[in-house]
Amino acid sequence: MGLFTPKRVQGLIIAAVVMIVDQFVKWFVLAVLELRQVGVVDLLPFFDLRYAENRGISYGLLTADSLEGRIGLFLLTGIIALGVLIWMFRENKMGDIVALALVLGGALGNIIDRVRFTYVVDYADFHLGTWRPFAVFNVADAAISAGVVLLLARSLFISEKPRDEGKDYQAGAATENK
């Protein structure tokens, strides 16, 4: 069957598209909108573009301010991305491949930021008044979150067993008894 099945190639394409879209939007908010200098662009009553530098992982965990910390965080996220890639190549179901591709593409987008800037550029700020249910995030973060939610939903709600398994077992047992 081979390593590069059509489904896996599609997964790689999805990951590449996520990474490219993430980098394009980051370029746009930094170079065109100059968000780093502007700080905040009010768009909707519940959504702003707000410049933020994430020097850690999700929600600022594992903040890395030293060179050693940044290298360690880069290596950790790189190992995780490699693990996701290997996992994606072991899957055969398109739903799982899509979910893993979203995670992989998002991870790669954020890794590129770590190489370019030593931090991840965040800009999307959803809020209800002063209440912010999420930290400021980016396309890569959204793709990672969507991929993880999709993986969890698939693992919780999609059965691996064929629906007619009970019928096959009963039919086989009836044949053996004759």
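1. In this predicted model, the side chain of Asn138 makes a polar contact with the side chain of Asn110, at 3.3 Å. Asn138 lies in the loop between strand 3 and helix 5, while Asn110 is found in helix 4, which spans residues 94-117, so that the contact joins a loop residue to a helix residue. With a relative accessibility of 1%, Asn138 counts as buried, and Asn110, at 9%, counts as buried too.

2. Asp141 takes part in the polar contacts of both asparagines, through its side chain in one case and through its backbone in the other. The side chain of Asn110 makes a polar contact with the side chain of Asp141 at 2.9 Å, and the backbone nitrogen of Asp141 lies 2.7 Å from a polar atom of the side chain of Asn138. Asp141 falls within helix 5, for which the residue range is 139-157.

3. What else does Asn138 touch, not counting residues up to four places away in sequence? Besides Asn110, the residues touched by Asn138 are Asp22, Lys26, Val120, Val121, Asp122 and Tyr123. For Asn110, leaving aside its neighbours within four places in sequence, the contacts are Asp22, Lys26, Val120, Asn138, Ala140, Asp141 and Ile144. Asp22, Lys26 and Val120 therefore appear in the surroundings of Asn138 and of Asn110.

4. Asp22 and Lys26 also belong to the contact that helix 1 makes with helix 5. Helix 1 (residues 6-32) and helix 5 (residues 139-157) pack at an angle of about 150°, and their axes are 8 Å apart; because angles over 145 degrees count as roughly antiparallel, the two helices are described as roughly antiparallel to each other. On the side of helix 1 the contact is made by Val18, Val21, Asp22, Val25 and Lys26, and on the side of helix 5 by Val139, Ala140 and Ala143. By class, the residues of this contact divide into 6 nonpolar, no polar and 2 charged.

5. Turning to the aromatic residues, a search of the whole structure finds 9 aromatic pairs. In one of them, Phe47 and Phe126 have their ring centres 4.8 Å apart and their planes at 50°, so the pair is tilted. This pair links distant parts of the chain, with Phe47 in strand 2 (residues 47-54) and Phe126 in strand 3 (residues 120-126), 79 residues apart. Phe47 is buried, with a relative accessible area of 15%, whereas Phe126 is partly exposed, with a relative accessible area of 32%.

6. Phe126 also forms an aromatic pair with Phe137, and this one is stacked, at 5.8 Å centre to centre and with 15° between the planes. Here too distant parts of the chain are linked, since Phe126 is in strand 3 and Phe137 is in the loop between strand 3 and helix 5, 11 residues apart. At 18% relative accessibility, Phe137 counts as buried, because the class ends at 20%. Ring pairs link Phe46, Phe47, Phe126, Phe134 and Phe137 into a cluster.

7. Two backbone positions deserve a second look. Most residues other than glycine have a negative phi. Glu34 has a phi near 50°, a positive value in a residue other than glycine, and Thr118 has a positive phi of about 75° although it is not a glycine. Where are these residues placed, in helices or in loops? Glu34 is found in the loop between helix 1 and helix 2 (35-38), and the place of Thr118 is in the loop between helix 4 and strand 3. Glu34 counts as partly exposed, with a relative accessibility of 43%, and Thr118 likewise counts as partly exposed, at 33%. The C-alpha atom of Glu34 is separated by 9.4 Å from that of Tyr51, a residue 17 positions apart from Glu34 along the chain.

8. As context for the points above, the protein has 6 helices and 3 strands, and, read along the sequence, these elements follow the pattern α-α-β-β-α-α-β-α-α. Of the 178 residues in the protein, 33% are buried. Among contacts between residues at least 6 apart in sequence, 64% join residues that are at least 24 apart.

Conventions: Residues are numbered from 1 along each chain as its sequence is written. This is a predicted model: local features need pLDDT of at least 70, side-chain atom pairs count only at pLDDT 80 or more; totals for chains, interfaces and linings use all residues. Side-chain values use heavy atoms; hydrogens and water are left out. Axes are lines fitted to C-alpha atoms, for helices over the stretch in contact, and angles run from 0 to 180 degrees between N-to-C directions. Helices (H or I, at least four residues) and strands (E, at least two) are DSSP runs, numbered from the N terminus. Angles under 35 degrees count as roughly parallel, over 145 as roughly antiparallel, 65 to 115 as roughly perpendicular and the rest as oblique. Contact means heavy atoms within 4.5 Å. Ala, Val, Leu, Ile, Met, Phe, Trp, Tyr, Cys and Pro count as nonpolar, Asp, Glu, Lys and Arg as charged, and the others, Gly among them, as polar. Rings of Phe, Tyr and Trp (its six-membered ring) pair if their centres lie within 6.5 Å; planes under 30 degrees apart count as stacked, over 60 as edge-to-face and the rest as tilted. Buried means under 20% relative accessible area, exposed over 50%, partly exposed in between (1.4 Å probe, protein chains only). A polar contact is a pair of N or O atoms within 3.5 Å; within protein, one must be able to donate a hydrogen and the other to accept it, and residues adjacent in sequence count only if both atoms are side-chain atoms.
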